[in-house]
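I opened my notebook to look up how the parts of this chain fit together. Here is what I went through.

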Amino acid sequence: MVNEERLHYMAKMAKFDANDRKSCQPMMQYARRDYVSLQMLKSFVTGTIAFGIIVAMWALYSMETLLAKINSMDFMEALLVLGVSYGVFIVIYLSATYIVFHMKFTDGRRKVKKYYNGLKKVNAMYERDEKLKANTGKDWD
């Protein structure tokens, strides 16, 4: 006889294995702080590259104006504006990264906990069946 409750939990666990296991793997390997810090480090690098590309594209677009004003331009002021712009950009980018990956970790951790709770319940059902089988001498499969 098939235990329907056990089958239900096993189907849920198989669904997790098929759909979410790969995306939830970091939630099983890392602590929240480590996972979010790693993602923020990656985002810092990619954000810096993105800012550099944005500035390069702006410089190419404004090349005629820049060349016309190059002799009268205050380079210290331009570097200050560029530095402040970079600082604001990276703070916003890293804040968004923190929020997104903190929520992603929380959701993944919740899925992993549900998976492990299902494993515990299935294991308890198997142990209960083994005890019944040992006590009665019958096969309950």
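Entry 1, the core. I looked for the largest nonpolar core in this predicted model. That core has 13 residues. Phe 16, Met 27, Tyr 35 and Val 112 have the most contacts inside it. I then checked which elements give two or more residues to this core, and they are α1, α2, α3 and α5. The largest share, 6 residues, comes from α5.

Entry 2, one core residue. I picked Phe 16 and listed what it touches, leaving out residues up to four places away in sequence. The list is Arg 21, Cys 24, Lys 111, Val 112 and Tyr 115.

Entry 3, the helix α5. I noted that α5 covers residues 75-136, which makes 62 residues. How far apart are its end C-alpha atoms? They are 89 Å apart. At 1.5 Å a residue the helix should span 92 Å, so the two values agree.

Entry 4, the buried side. I wrote down the buried residues of α5, among them Phe 101, Phe 105, Val 112, Tyr 115 and Val 122. Gly 108 and Gly 118 are buried too. What covers these buried residues includes α1 (4-19), α2 (21-29) and α3 (32-61). I also reminded myself that an α-helix has 3.6 residues a turn, so residues three or four places apart point the same way.

Entry 5, α1 against α5. I found that they pack at an angle of about 145°, with axes 9 Å apart. The crossing is left-handed. On the α1 side I noted Tyr 9, Met 13 and Phe 16, among others; the α5 residues they meet include Val 112, Leu 119 and Met 125. The contact residues divide into 10 nonpolar, 1 polar and 6 charged.

Terms used:
Residues numbered from 1 in each chain as written. Predicted model: local features only at pLDDT ≥ 70, side-chain atom pairs only at ≥ 80, totals over all residues. Heavy atoms only, no water. Expected span 1.5 Å × (residues − 1). Buried < 20%, exposed > 50% of the residue type's maximum accessible area, 1.4 Å probe, protein only. Contact = heavy atoms within 4.5 Å. Axes fitted to C-alpha atoms, helices over the stretch in contact; angles between N-to-C directions. Left-handed = near helix turned anticlockwise from the far one by under 90°. Nonpolar A, V, L, I, M, F, W, Y, C, P; charged D, E, K, R; others polar. Core = buried A, V, L, I, M, F, W, Y, C linked by side-chain atoms within 4.5 Å.
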